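Trainee: I am new to this structure. Please take me through one part of it closely, then show me what lies around that part.

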Amino acid sequence: LRSRSPARARHINASRRACLVARFCFIYAQERFDAEALLRTYISDIETVQRIIYTAAVESFYAAKMAYWKFKMRVKEALALSHSGPESLEDAVLDFIICHKDAYDVHASVKEVICSMNFNPKISFPPEIDFIVLSSLIQELCCLAFSMQTLVPPLDVAFGIDGELFNETKYYRNSDSDFTAAFVAYHIWPALVEDDVVIVKGEVVTKR
C-alpha cells in the first residue's frame with residue numbers, strides 16, 4: 001500500500017465521509033419508507049412498524065461496529081508481522097480495511113441483527129412472519145455502518161431511550177407528535193453523530 005500525504009489523506013477521508021452521510025440520508029428518506037410499506041402489509045399499527053425499523057437501524061450499527069473491531073484486530077495482528085512503514089501500523093491497517101471491505105461478512109451481521117430483534121422486548125411481530133423480511137434494509141445499514149468505522153473520526157448513531165427529553169438539535173418531530181410535549185414517546189430514526197456532535201438529525205414522536 002502506498003503512503004499518502006496528510007493533506008491527501010484528509011481530502012480522501014472528507015470525500016468518503018460526504019458520500020457515506022449522503023447514503024445514510026437516502027436510506028432515511030427512501031429505503032426506510034419502502035421497509036415501512038412492506039411491514040404495513042403485515043402490521044396495521046404504525047407505531048409498532050416504526051419501532052421495528054428504528055430497532056433494525058440501531059442493531060445494524062452495533063453489529064457492524066463489533067464486526068469491524070474484530071476484523072481490525074485480525075488485520076493488525078497479520079500486518080504487525082511484516083510492517084515496516086513509512087506510515088504507522090494504524091494507518092496501514094486502516095488502508096487495508098478500506099481496500100478490502102468486501103471481506104466483511106455482512107450476512108453474519110444480518111443474522112446477528114435479526115436474532116437481537118427477535119429477543120427485543122420493545123417490539124413484536126406476527127408469528128407467521130419473520131424479521132428476515134427486513135434483510136435488505138439491514139444489509140444496507142450494516143455495510144454503511146462498517147464503512148463509517150473507517151472514517152477518521154468514525155460516524156455512529158446516537159443513543160436514544162423512550163422518555164428522554166426532546167432535543168431539537170438531535171431530532172425532528174414526526175407529524176404525529178404532540179408538538180407541546182417535552183418528552184420522546186418513541187424513536188423513528190436515529191441521529192448520526194461524529195464525536196458526539198449531531199451531523200444528521202434523527203426523527204421521533206413526542207407525546208404527553
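Mentor: Start with a pair of residues: Tyr 172 stands opposite Glu 203 in strand 6. Keep in mind that this is a predicted model. One step along, Arg 173 stands opposite Val 204, again in strand 6. Both pairs belong to the pairing of strand 2 with strand 6, which is parallel and has 3 bridges.

Now look at the other partner. Strand 3 covers residues 184-189, and 4 bridges join strand 3 to strand 6. These two strands run antiparallel. Here Val 184 stands opposite Thr 206 of strand 6.

Put the three strands together. They form an open sheet in the order 2-6-3, with mixed pairing. Strand 2 and strand 3 are at the edges, and each has a single partner strand, so one side of each has no neighbour in the sheet. From one strand to the next, the twist averages 35 degrees. As a general point, strands of a sheet pair through backbone hydrogen bonds, and the pairing can be parallel or antiparallel.

Next, stay on strand 6 itself, residues 202-206. How buried is this strand? 5 of its 5 residues are buried, so strand 6 is largely enclosed by the rest of the structure. Its residues point in two directions. Gly 202, Val 204 and Thr 206 point one way, while Glu 203 and Val 205 point the other way. Both sets are buried. The general rule is that side chains in a regular strand alternate between the two faces of the sheet.

A helix also meets this sheet. Helix 1, residues 6-40, lies across strand 3 and strand 6. Helix 1 runs at about 100 degrees to strand 3.

Now step to a loop beside strand 2. Glu 164 sits in the loop between strand 1 (155-157) and strand 2 (171-173). Is Glu 164 buried or exposed? Its relative accessibility is 14%, which is under the 20% cut-off, so Glu 164 counts as buried. The side chain of Glu 164 makes a polar contact of 3.0 Å with the side chain of Tyr 171. Leaving out residues up to four places away in sequence, Glu 164 touches Lys 170, Tyr 171, Ala 182, Phe 183, Val 184 and His 187. Val 184 is already familiar: this is the residue opposite Thr 206 in strand 6.

Follow strand 1 out of that loop to a second sheet. Here 3 strands form an open sheet in the order 1-4-5, and the pairing is antiparallel. Strand 1 and strand 5 (197-200) are the edge strands, each with a single partner strand, so one side of each lacks a neighbour in the sheet. The twist from one strand to the next averages 45 degrees. Strand 4, residues 192-194, pairs with strand 5 in the antiparallel sense over 3 bridges. In one of these pairs, Glu 194 has Val 197 of strand 5 as its bridge partner.

Strand 1 has a place in a pocket too. The second largest pocket has a volume of about 410 Å³. It is lined by 18 residues, and the closest to its centre are Tyr 54, Thr 55, Val 58, Asn 120 and Gly 160. Helix 2 and strand 1 each supply at least two residues of the lining. Helix 2 gives the most, with 7 residues.

So turn to helix 2, residues 46-80, where Thr 48 is found. A polar contact of 2.6 Å joins the side chains of Thr 48 and Asp 45. Beyond neighbours within four places in sequence, Thr 48 is in contact with Ile 43 and Ser 124.

Two other helices finish the tour. Helix 3, residues 89-99, has buried residues Ala 92, Val 93, Leu 94, Asp 95 and Ile 97. Their cover includes helix 2 and helix 5 (135-148). Val 113 lies in helix 4, residues 106-118. At 1% relative accessibility, Val 113 counts as buried. Its C-alpha atom is separated by 6.6 Å from that of Ala 63, although the two residues are 50 residues apart along the chain. Val 113 also touches Ala 63, and its other contacts include Ala 56, Glu 59, Ser 60, Ile 138 and Cys 142, not counting residues up to four places away in sequence.

Technical notes: Residues are numbered from 1 along each chain as its sequence is written. This is a predicted model: local features need pLDDT of at least 70, side-chain atom pairs count only at pLDDT 80 or more; totals for chains, interfaces and linings use all residues. Side-chain values use heavy atoms; hydrogens and water are left out. Helices (H or I, at least four residues) and strands (E, at least two) are DSSP runs, numbered from the N terminus. Buried means under 20% relative accessible area, exposed over 50%, partly exposed in between (1.4 Å probe, protein chains only). A polar contact is a pair of N or O atoms within 3.5 Å; within protein, one must be able to donate a hydrogen and the other to accept it, and residues adjacent in sequence count only if both atoms are side-chain atoms. Contact means heavy atoms within 4.5 Å. Two strands pair if DSSP finds at least two bridges between them. Axes are lines fitted to C-alpha atoms, for helices over the stretch in contact, and angles run from 0 to 180 degrees between N-to-C directions. On a 1 Å grid over the protein atoms alone, a cavity is a set of points where a 1.4 Å probe fits but cannot get out, and a pocket is an open set with protein on both sides within 12 Å along at least five of seven lines; lining residues have an atom within 4 Å of a point. Grid points are joined across faces, edges and corners, and a volume is the space filled by probe spheres set on the points.
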